[in-house]
2 protein chains.
Amino acid sequence: MEFLSVRDAWKIIKDKVLRHVKIEKIIVNVRDALGSFAADDIKALIDYPKHDIALFDGYAVRAEDTTSASMSNPVMLRLTNKDVIGRYEAKIINVGETLPKGANAVLPYEYANVEGSIIEAIRSVRPYANIALKGEDVRCGTVIVRKGECIDFFKQALLLRAGIAEVPVWRRIRVGMLVIGNEVVRNMNIYLNKDDAVYDITSPLIIGALRKCCEVVDLGIVKDDENEILRMLQREDVDVFITLGGTSLGKRDVTIKVIEKYGDVLFHGITLVPGRTMAVGLINDRPIFMLSGFPVAAFAQLKVLVEPYILRIYCATIEVLPIMAELSSRVASTIGFLNIVRVKLREEHGKIIAQPLRLRGSGILSSIALANGILLISENVEGYDRGALVAVYRRDDPWGLKYVEGNIS
Amino acid sequence: MEFLSVRDAWKIIKDKVLRHVKIEKIIVNVRDALGSFAADDIKALIDYPKHDIALFDGYAVRAEDTTSASMSNPVMLRLTNKDVIGRYEAKIINVGETLPKGANAVLPYEYANVEGSIIEAIRSVRPYANIALKGEDVRCGTVIVRKGECIDFFKQALLLRAGIAEVPVWRRIRVGMLVIGNEVVRNMNIYLNKDDAVYDITSPLIIGALRKCCEVVDLGIVKDDENEILRMLQREDVDVFITLGGTSLGKRDVTIKVIEKYGDVLFHGITLVPGRTMAVGLINDRPIFMLSGFPVAAFAQLKVLVEPYILRIYCATIEVLPIMAELSSRVASTIGFLNIVRVKLREEHGKIIAQPLRLRGSGILSSIALANGILLISENVEGYDRGALVAVYRRDDPWGLKYVEGNIS
């Protein structure tokens with residue numbers, strides 16, 4: 001069997017699969033936009049602050065009047081209620097309030113002693129101290145959220161502050177997820193009492209990992225039966241199919257057989273460990289990602305090729321940062337394959353240590369449940385020695401996007 | 001004004017506030033447990049795999065029979081259908097199936113040529129190659145999720161695999177959140193058209209940051225009015241109150257005044273920048289965290305003292321890892337205060353660079369909306385020079401817990 005390299009597989013996905021999903025912009029209320037990806041650059045509608053405002057409670061003053069102020073040589077300022085501050089005048093101001101004309105700083109209460117209608121400034125303030133200038137936070141007309149950025153709760157707050165009530169975002173991709181396997185069950189009693197029953201843990205895992213970037217339509221479990229599978233793939237209310245199971249390289253690659261007969265298999269078998277049995281195809285003009293039924297393999301496949309595919313549809317711009325860590329033991333890899341090594345990161349005397357968890361076993365869940373980091377070992381690298389400084393990614397970050405786009409050697 | 005050190009404030013919270021929340025264990029279906037914190041150690045009910053199983057499609061064999069196998073010197077094995085494998089016998093096996101007795105490895109299809117009922121092994125396999133042993137992933141009786149661990153989708157999958165249908169978790173804390181301020185609005189038209197109106201962006205921000213660890217009951221906005229505030233704090237269906245606004249050190253500390261009169265203010269003013277105006281108290285036997293109305297100050301206060309408080313109630317065990325980064329410019333800090341510096345982390349030639357964003361301005365949201373990292377500068381540190389290697393935390397990680405528990409100097 002020939003295995004396609006992960007990056008060549010990505011090229012096929014970009015060239016032949018991407019255009020099969022039609023994604024529309026929708027306009028949503030900013031309060032409902034959390035987790036969505038902006039479909040356009042979004043510009044501030046107003047300045048914020050709307051005016052120069054106080055950032056502390058205290059006295060609005062002209063900073064130059066306080067220049068010589070000190071404990072031993074206080075400067076006297078006259079309290080006023082006027083709209084305009086003159087030389088050696090001060091006006092009580094609350095945090096958030098607009099600065100009166102003439103003032104260019106706030107002298108905090110603790111920098112002054114009050115003597116009736118006179119205050120003694122005992123410390124100086126510089127121009128613009130303790131104030132925020134008009135438009136300092138948000139300037140009308142500037143882009144505050146770029147196309148492809150995910151709207152997190154900070155961006156959401158920024159949009160609201162910028163006077164924006166509604167935003168254009170991409171409609172969320174609807175993924176139809178189908179589990180395939182005679183022995184797979186979702187009933188705990190059957191799982192516990194039937195010797196060859198396997199609990200469906202892969203679908204909740206993949207749904208959990210996908211939830212951030214799309215909507216998942218759970219199509220349930222079907223047996224290793226071509227007609228059953230085909231019937232489920234007639235759904236027209238989903239954009240993309242993901243199947244779990246039925247992709248092995250031997251007799252039980254039933255999912256592949258269905259797509260070979262009724263659709264188009266673009267590739268089957270990639271240089272990924274765990275996860276070499278992945279296939280991608282088209283059926284009824286819809287992309288179908290055929291993932292392993294094994295949880296760790298399916299997770300690796302999802303991160304390396306499916307998540308990047310979905311993020312690319314959204315034109316998503318996500319910076320994925322590595323954590324540099326020292327390996328606590330040697331890691332060997334399978335040459336010719338991209339190895340997805342699960343590691344446990346911990347801090348030790350100010351250093352970050354990466355402890356590799358067992359490599360083998362695409363069905364072994366505990367390795368990845370304990371891991372908080374992922375080390376990628378490329379096709380042409382034999383492994384790393386103990387003590388090597390390696391770039392590790394957070395398990396749940398979209399590190400696959402960074403890999404396929406070429407930023408990880 | 002005297003400012004209490006952040007760690008002393010944490011001591012008061014631990015000594016005097018923690019016991020005011022009664023948290024119960026509840027039993028929930030594992031499928032509904034995502035994001036909850038385990039209230040007990042949870043042990044596996046069964047072994048997984050239930051038996052020794054194949055991890056690849058191929059032939060179940062006795063590994064010792066293949067020891068001398070090579071391309072030039074293949075080893076002949078007789079195909080059998082028996083339940084027990086004898087010397088120089090092999091049986092076809094699919095991934096996931098139970099290994100027949102006598103076999104201790106799987107020879108993948110590509111390691112053998114088939115000649116009728118004989119196969120020629122052309123490569124050797126070691127004992128236990130390509131199989132998973134009974135209990136290798138999950139061993140019956142071992143703890144798979146510890147008390148205080150957050151159940152993410154991997155832990156959820158592990159629990160299901162271990163035969164667990166229901167888990168004891170902590171009921172989620174119900175936080176009543178009240179926004180205080182005459183000028184604060186949630187109506188975009190009023191915000192845009194009324195000169196002194198301020199859009200309530202702090203509450204969605206704090207709700208967003210809190211959503212991971214508790215349930216937020218939105219109590220809306222009230223004016224700077226003692227009776228109005230007091231009335232809202234009569235709610236009996238929440239565990240903890242959080243107020244936003246009305247905590248300044250000057251005239252507008254209306255929230256503090258209410259608690260001074262009708263409850264108990266434990267402290268007001270902490271050595272935190274931004275966020276020095278924070279107060280904590282008790283009212284009607286409920287804890288109340290009085291945060292700033294300014295978004296960045298409120299976020300800093302939340303992360304440094306409120307989130308650690310809630311995680312402590314859950315006995316949460318969360319490892320917070322720093323990212324070591326090189327400062328792209330000098331950072332000065334306010335001596336005597338814990339400085340929460342927003343930084344933008346980026347990768348440059350394999351190095352992680354931390355670019356400090358503006359320090360000043362607790363009301364300036366854009367600094368933290370752009371930031372993906374937080375640098376903590378302790379009370380006794382003057383700042384860091386350009387090029388210094390510093391420990392930066394991810395903005396949304398619970399770094400405050402690590403700080404107050406004493407692991408960050």
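Reader: How much area does chain A expose, and what share of it do carbon and sulfur atoms supply?
Author: This is a predicted model, so the area is computed from predicted coordinates. Chain A exposes about 16,400 Å². The share from carbon and sulfur atoms is 49%.

Reader: What percentage of the residues in chain A is buried?
Author: A residue counts as buried under 20% relative accessible area. The chain has 409 residues. The buried part of chain A is 58%.

Reader: What radius of gyration does chain A have, set against a compact globule of 409 residues?
Author: The C-alpha trace spans about 95 × 50 × 45 Å along its principal axes. A compact globule of 409 residues would have a radius of gyration near 22 Å. For chain A the value is 30 Å.

Reader: How many helices and strands are there in chain A, and what share of the contacts with a separation of 6 or more joins residues 24 or more positions apart?
Author: Chain A has nine helices and 28 strands. Among its contacts with a separation of 6 or more, residues 24 or more positions apart account for 73%.

Reader: How far apart are the mean positions of the positive and negative charges of chain A?
Author: There are 53 positive charges and 51 negative charges in chain A. Each set has its own mean position. The two mean positions are separated by 1 Å.

Reader: Which domains does the assignment give, and how far apart are the C-alpha centres of domain 1 and domain 2 of chain A?
Author: Domain 1 is 6-23 + 172-313, and domain 2 is 25-46 + 152-170. Domain 3 is 53-132, and domain 4 is 323-404. The C-alpha centres of domain 1 and domain 2 of chain A lie apart by 32 Å.

Reader: How many residues does each side give to the contact between domain 1 and domain 2 of chain A?
Author: Domain 1 of chain A gives five residues to the contact. Domain 2 of chain A also contributes, and its number is five.

Reader: Which peptide bonds are cis, and in which loops do A:Pro49 and A:Pro274 lie?
Author: Most peptide bonds are trans. The bond from A:Tyr48 to A:Pro49 is cis, with omega near -5 degrees, and A:Pro49 sits in the loop between strand S2 (42-43) and strand S3 (53-54). A:Val273 and A:Pro274 are also joined by a cis bond, with omega about -5 degrees. The loop of A:Pro274 runs between strand S19 (272-273) and strand S20 (279-283).

Reader: What is phi of A:Tyr128, and where is this residue placed?
Author: Most residues other than glycine have a negative phi. A:Tyr128 is not a glycine, yet its phi is positive, about 75 degrees. A:Tyr128 is partly exposed, at 44% relative accessibility. Its place is the loop between strand S9 (118-121) and strand S10 (131-132).

Reader: What is the relative accessible area of A:Asp285?
Author: A:Asp285 has a positive phi near 65 degrees. Its loop lies between S20 and strand S21 (286-291). Partly exposed runs between the 20% and 50% cut-offs. A:Asp285 falls in that class because its value is 46%.

Reader: Is A:Val392 buried or exposed?
Author: A:Val392 lies in strand S28 (residues 389-394). It touches residues including A:Leu321, A:Ile323, A:Val343, A:Leu345 and A:Ile374. Its relative accessibility is 0%, so A:Val392 counts as buried.

Reader: How far apart in space are A:Val392 and A:Leu375?
Author: In sequence, A:Val392 and A:Leu375 are 17 residues apart. From C-alpha to C-alpha, they are separated by 4.9 Å.

Note on methods:
Residues are numbered from 1 along each chain as its sequence is written. Chains are lettered from A and ligands numbered from 1 in the order in which they are written. This is a predicted model: local features need pLDDT of at least 70, side-chain atom pairs count only at pLDDT 80 or more; totals for chains, interfaces and linings use all residues. Side-chain values use heavy atoms; hydrogens and water are left out. Helices (H or I, at least four residues) and strands (E, at least two) are DSSP runs, numbered from the N terminus. The radius of gyration is taken over C-alpha atoms; the globule rule is 2.2 Å times the number of residues to the power 0.38. Buried means under 20% relative accessible area, exposed over 50%, partly exposed in between (1.4 Å probe, protein chains only). Contact means heavy atoms within 4.5 Å. Accessible areas come from the Shrake-Rupley method with a 1.4 Å probe; for residues, only the protein chains shown count as cover. Lys and Arg count as positive and Asp and Glu as negative; His and the chain ends are not counted. The place of a charge is taken as NZ of Lys, CZ of Arg, CG of Asp or CD of Glu. Domain bounds come from an automatic or database domain assignment. Lists of a residue's contacts leave out its neighbours within four places in sequence.
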